[in-house]
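Q: I'm new to this structure and would like a close look at a single part of it. Could you pick out one residue and show me how it sits in the whole chain?

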Amino acid sequence: MSARVPVPDDLTHIQCPECGGEGRCEYERAIVDYERGGYLVGYYDDCEECRGSGEVELDIERDCIVDEYGMLYWKDEPKF
């Protein structure tokens, strides 16, 4: 078992896990082509998870564990 890393008390937001803090992600859009069956086109747009800000609010249930004293620790690796 690895050592637990505490979550700072003043931390309210973390880097978006979807876009890596960039605020933009690549998505695919289906293009209908009746002769060839269609294809996918890649495009960049604002991240759906963080809405382009690059940060998401810290979700205690998703990102942290709570010990018997109420202290918060990162579940896996620190995500900041």
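A: Let's begin with the outside and work inward, keeping in mind that this is a predicted model. The chain's accessible surface adds up to about 6500 Å², and carbon and sulfur atoms account for 45% of that. Of the 80 residues, 22% are buried.

As for overall shape, the C-alpha trace spans about 65 × 25 × 15 Å along its principal axes. The radius of gyration is 19 Å, while a compact globule of 80 residues would come out near 12 Å.

Now for the parts list: you'll find 1 helix and 6 strands here. Reading from the N terminus, the order is β-β-β-β-α-β-β. If you look at contacts between residues at least 6 apart in sequence, 45% of them link residues at least 24 apart.

Charge is worth a glance too. There are 21 negative side chains and 8 positive ones, and the centres of the two sets are 3 Å apart.

With that backdrop, let's zoom in on aspartate 33. You can find aspartate 33 in the loop that runs between strand E2 (24–31) and strand E3 (39–46). Is this residue buried or exposed? Aspartate 33 counts as buried, because its relative accessibility is 17% and the cut-off for buried is under 20%. And which residues does aspartate 33 touch, leaving aside those up to four places away in sequence? The answer is Gly38 and Tyr39. Tyr39 is also where strand E3 (39–46) begins.

Methods:
Residues are numbered from 1 along each chain as its sequence is written. This is a predicted model: local features need pLDDT of at least 70, side-chain atom pairs count only at pLDDT 80 or more; totals for chains, interfaces and linings use all residues. Side-chain values use heavy atoms; hydrogens and water are left out. Helices (H or I, at least four residues) and strands (E, at least two) are DSSP runs, numbered from the N terminus. The radius of gyration is taken over C-alpha atoms; the globule rule is 2.2 Å times the number of residues to the power 0.38. Buried means under 20% relative accessible area, exposed over 50%, partly exposed in between (1.4 Å probe, protein chains only). Contact means heavy atoms within 4.5 Å. Accessible areas come from the Shrake-Rupley method with a 1.4 Å probe; for residues, only the protein chains shown count as cover. Lys and Arg count as positive and Asp and Glu as negative; His and the chain ends are not counted. The place of a charge is taken as NZ of Lys, CZ of Arg, CG of Asp or CD of Glu.
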